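Reader: I have a model open and would like to talk through its architecture with you. Shall we begin with the surroundings of the ligand?

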Amino acid sequence: MDNVPMLDLKATFREIKDEVIKTLTEVLESGRYVLGPKVKEFEKRVAEFYNVKFAVGVASGTDALHLALSAAGIKEGDEVITTPFTFFATVETILYRGALPKFVDIDPETFNIDPYQLEKVITPKTKAILPVHIFGMPADMEEIMKIADRHGLLVIEDCAQAFGAEIKGKKVGSFGLAGTFSFYPSKNLGGFGDGGMVITDSEEIAEKVRSLRNHCSKEGYFHKCIGHNSRLDEIQAAFLLIKMRKIKEYNEKRRQRALFYTTQLKEYVKCPKEKEGYYHVYHQYTIRTPLRDRILKALHKEGISAVVYYPLAIHLQEAIRYLGYKKGDFPEAEKACDEVVSLPIYPELSVETQEQICEVIKRVVQ
Ligand SMILES: Cc1ncc(COP(=O)(O)O)c(C=O)c1O
């Protein structure tokens, strides 16, 4: 079989090529390349889509988290509760603030932070909860918000993998104080480079992020605090505006492909399950099985991409060994790392290719 990628960015580009070239020319001819009208328009569209008051474009999903935590006042000595089963950036940004990440194990059904274990790690130093909607599956925001309200904690949602995901019609990212997004090319709403966004209903948070992204300088060379260079550029915003128009279609197509996999594979491996009222956007379609390594090998042998997100839980990463966590601390996250594999999923993925992928998996399991 020809090589099957995890996602086919070139196919997405080909479909919108004319519009992309047109907008590229328009931006280049405008002479305005950073934080201009396209960024403003994109921010407006995202805020409308999310039904929130403010959206502020930044340079990456990592920066979106970092600046949101900073704007929320997270500082040295604070504790922020998050999941050990995520991309490293989630935890890096807590550490950038000088705060301490406190982990809570995941619900093995959803791979998301288990809200029923959350309260036991809350201390007088806890300031915020940082749930991640991993693989595009909403974390249990209803339960998380109840706990946060009970304890007076802030909630910042890492929606890097979940653009458009919902719980009972409400989009994730709009439950907490702020939601953060990544527009890295592989994301459901991906640019042709890096980009990120913070959404919020709080004018104060929006203003602070707006200031922080540009050296805390509103105008001229007067700086009110120590900020960053985290500006979103016009070309990315213009490209993202084009893709934004199709985001519902892209997510629906991912969901159709996910349903196909589940129908084919549910007797063979553990497939992702959507809770009632949840709208999963399948940034990844992640199965779990004790035969993971054999499946991975068989797929690769056939030229089919498949990736382990994530092979090592965050608390066991070398970079944070100094925090003193050890194997066995978060058994569900660790077990997931041994059993998960993500299969190719993207709007252009054909039924024939999906059938071939499923055949390889069935052959290994039978
Ligand atoms: C859960 C999660 N958080 C944060 C990020 C960081 O986003 P970016 O790569 O745009 O900095 C990512 C990106 O992979 C992610 O998956």
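Author: A term first: helices and strands here are DSSP runs, with at least four residues for a helix and at least two for a strand, numbered from the N terminus. The model is a predicted one.

Reader: Understood. Which helices each supply at least two residues of the shell around the ligand?

Author: Helices α3 (61-71) and α4 (89-96) do so.

Reader: And which residues come nearest to the ligand?

Author: S60, G61, T62, A160 and S182 come nearest, out of 15 residues around the ligand.

Reader: What is the make-up of that shell by class?

Author: The shell around the ligand has eight polar, five nonpolar and two charged residues.

Reader: Let us step back. How many helices and strands does the protein chain have?

Author: The protein chain contains eleven helices and twelve strands. Its radius of gyration is 20 Å, close to the 21 Å that the globule rule gives for 366 residues, so the chain is as compact as a globular protein of that length. Along the principal axes, the C-alpha atoms fill a box of roughly 65 × 55 × 35 Å.

Reader: What share of the residues counts as buried?

Author: Of the 366 residues in the protein chain, 46% are buried. As for contacts between residues at least 6 apart in sequence, 70% join residues at least 24 apart.

Reader: How is the chain divided into domains?

Author: There are two parts in the assignment: domain 1 covers 9-244 and domain 2 covers 247-365. Their C-alpha centres are 24 Å apart.

Reader: How many residues of each domain are in contact with the other?

Author: On the domain 1 side there are 30 residues, in contact with 27 residues of domain 2. The elements giving two or more residues to that side of domain 1 are α1, β6 (166-167) and α7. By class, this side of domain 1 has 18 nonpolar, six polar and six charged residues.

Reader: Turning to α7, why is it described as largely enclosed by the rest of the structure?

Author: Helix α7 (residues 234-244) is largely enclosed because eight of its eleven residues are buried. The buried residues are E234, I235, Q236, A237, A238, F239, L240 and K243.

Reader: Which elements do those buried residues pack against?

Author: The buried residues of α7 pack against α1 (9-30), α2 (37-50), β1 (54-58) and α8 (247-265). Helix α7 is also among the elements on the side of domain 1 that touches domain 2.

Conventions:
Residues are numbered from 1 along each chain as its sequence is written. This is a predicted model: local features need pLDDT of at least 70, side-chain atom pairs count only at pLDDT 80 or more; totals for chains, interfaces and linings use all residues. The radius of gyration is taken over C-alpha atoms; the globule rule is 2.2 Å times the number of residues to the power 0.38. A residue is buried if 20 or more other C-beta atoms lie within 10 Å of its own, exposed if 12 or fewer, and partly exposed in between; C-beta atoms are placed from the backbone. Two residues are in contact if their C-beta atoms, placed from the backbone, lie within 7 Å. A residue is near a molecule or strand if its C-beta atom, placed from the backbone, lies within 6 Å of it. Ala, Val, Leu, Ile, Met, Phe, Trp, Tyr, Cys and Pro count as nonpolar, Asp, Glu, Lys and Arg as charged, and the others, Gly among them, as polar. Domain bounds come from an automatic or database domain assignment.
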